[in-house]
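Q: I have a protein model open and I would like to learn how to read it. Could we go through some features together?

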Amino acid sequence: MSRINKRIKVKNELARQIMGEILGTFVLLLFGCAAAAQVKTSRETKGQFLSVNLAFSIGVMCAMYLCRAVSGAHINPAVSLSFCVLGDLAWIKLLPYSLAQILGAYLASGLVYLIYHDAIMEFSGGVLTVFGPNETASIFATYPTDVVSVQTSFLDQVVGTAMLMLCILPLNDKRNAPAPEALLPPIVATAVLGISMSMSANCGAAINPARDLGPRLFTFTAGWGKEVFTSYDYFFWIPLVAPMVGGVLGSIIYLVFIQWHLPEPEDEPESGEFKEQTKVMEQNNKKDELYHKISSL
């Protein structure tokens, strides 16, 4: 078995990371969009809006446990961009990471459509639309409510994603009070749940360009048509751009208000200094021993 593993193991680091991001984002969207499909097509007899929030949060947790050791489990281009700004991810990896995340979201949307195809067709009467009481596009991508302006929608996504980064960054900061490694996924999932429960009313709390663009591209190719891009005054660009702005903004706020003011870790003595201190301590111990011998005479 070990020989087979060695033969099929991908040796290129970036290729492994891309595979991890594809599968991680796939798992996230499979949980979330499947829950949305169940709630929508059952007319909320088999779940409610909270069910979708919980499913996305559980998806975050499972995705992080799944691929964190391989790719870092960003599963979100806004997170990847923020880590590039902070110097934790090479800029050259930003585009491959983002494309992998969008692909994973697209594939998950396709699988959800296959699983719930009959229910979607029965609910919609066979007409796949973005508007109306029997619309089904919101199963996959996010859309704003009619009363929300473009400015409010943009601000909503900026604030939500900034909050996400403010919740994520201290968890693994060794100079702060980091969480145990094994508990990072459920803690991040809880933060996502809090954001989605408090900031979903305006436009669905995407806070993740891949979570929105991947499913939106799928609905465009699966029969919903160009309305998925043109509806609500071309709303699609907001969950694509605003989370990127919010992620960087949240990271900068964390640096300026928290990280730059954390106490510096105690510097370890240099090797030469350490040896000198050890030598002095040994000499002092010998002097003490000699003193006790003389005193006992």
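Q: Let me start with one helix. How many residues does helix α8 have, and how far does it reach from its first C-alpha to its last?

A: Happy to help, and keep in mind that this is a predicted model. Helix α8 runs over residues 184–198, which is 15 residues. From the first C-alpha to the last, helix α8 reaches 21 Å, close to the 21 Å expected at 1.5 Å a residue.

Q: Which residues of α8 are buried?

A: The general idea comes first. An α-helix has 3.6 residues a turn, so residues three or four places apart point the same way. Now the case here: the buried residues of α8 are Leu 184, Pro 185, Val 188, Ala 189, Ala 191, Val 192, Leu 193, Ile 195 and Ser 196. Their cover includes α3 (49–71) and α7 (150–168).

Q: Ser 196 catches my eye. What does Ser 196 touch?

A: Ser 196 is part of helix α8. Its relative accessibility is 10%, so Ser 196 counts as buried, the cut-off being under 20%. Not counting residues up to four places away in sequence, Ser 196 touches Asn 53, Ser 57 and Ala 205. A polar atom of the Ser 196 side chain also lies 2.9 Å from the backbone oxygen of Leu 193.

Q: Let me try another helix. What span should helix α11 have?

A: Use the rise per residue again. Helix α11 covers residues 238–257, so its 20 residues should span 28 Å at 1.5 Å a residue. The end C-alpha atoms of α11 are 27 Å apart, which agrees. Among the buried residues of α11 are Ile 238, Pro 239, Gly 246, Gly 247, Tyr 254 and Leu 255. What covers the buried residues of α11 includes α4, α7 and α9.

Q: Stepping back, how many helices and strands does the chain have?

A: There are twelve helices and zero strands. The chain has 297 residues, and 44% of them count as buried. You can also ask how far along the sequence the contacts reach. Taking contacts with a separation of 6 or more, 75% are between residues 24 or more positions apart.

Q: Where can I see residues that are far apart in sequence come together in space?

A: Look at Leu 213 and Ile 102. They are 111 residues apart in sequence, but 6.7 Å apart in space, C-alpha to C-alpha. Leu 213 is found in helix α9 (residues 209–222), and Leu 213 is buried, with a relative accessible area of 17%. Leaving aside neighbours within four places in sequence, Leu 213 is in contact with Ile 102, Phe 229 and Leu 240.

Q: Which residues touch the most other members of the largest nonpolar core?

A: That would be Phe 140 and Trp 224, in a core of 58 residues. Helix α2 (residues 13–41) gives the most to this core, with nine residues. Apart from it lies another core, of five residues, including Cys 203, Phe 235, Ile 238 and Ala 242. As for Trp 224, its contacts beyond four places in sequence include Tyr 113, Leu 128, Phe 140 and Phe 218.

Q: Several of those are aromatic. How is a pair of aromatic rings described?

A: By the distance of the centres and the angle of the planes. In this structure the count comes to ten aromatic pairs. Take Phe 220 and Phe 229: the ring centres are 5.5 Å apart and the planes are at 70°, so the pair is edge-to-face. Phe 220 is partly exposed, with a relative accessible area of 40%, whereas Phe 229 is buried, at 16%. Ring pairs also link Tyr 106, Tyr 113, Phe 140, Phe 218 and Trp 224 into a cluster.

Q: What sits over the ring of Tyr 143?

A: The charged end of Arg 216 does, 4.7 Å from the ring centre.

Q: One last feature: the backbone. Where is Ala 73, with its positive phi?

A: Ala 73 is in the loop between α3 and α4 (77–86). Its phi is near 55°, a positive value in a residue other than glycine. At 7% relative accessibility, Ala 73 counts as buried. Tyr 234, in helix α10 (residues 227–234), has a positive phi as well, near 60°. With 49% relative accessibility, Tyr 234 counts as partly exposed.

Notes:
Residues numbered from 1 in each chain as written. Predicted model: local features only at pLDDT ≥ 70, side-chain atom pairs only at ≥ 80, totals over all residues. Heavy atoms only, no water. Core = buried A, V, L, I, M, F, W, Y, C linked by side-chain atoms within 4.5 Å. Buried < 20%, exposed > 50% of the residue type's maximum accessible area, 1.4 Å probe, protein only. Helix = DSSP H or I, 4+ residues; strand = E, 2+ residues; numbered from the N terminus. Contact = heavy atoms within 4.5 Å. Expected span 1.5 Å × (residues − 1). Phe/Tyr/Trp six-rings, centres within 6.5 Å; stacked < 30°, edge-to-face > 60°. Lys NZ or Arg CZ within 6 Å of the ring centre and 35° of its normal. Polar contact = N/O pair within 3.5 Å; in protein donor to acceptor, adjacent residues only side chain to side chain.
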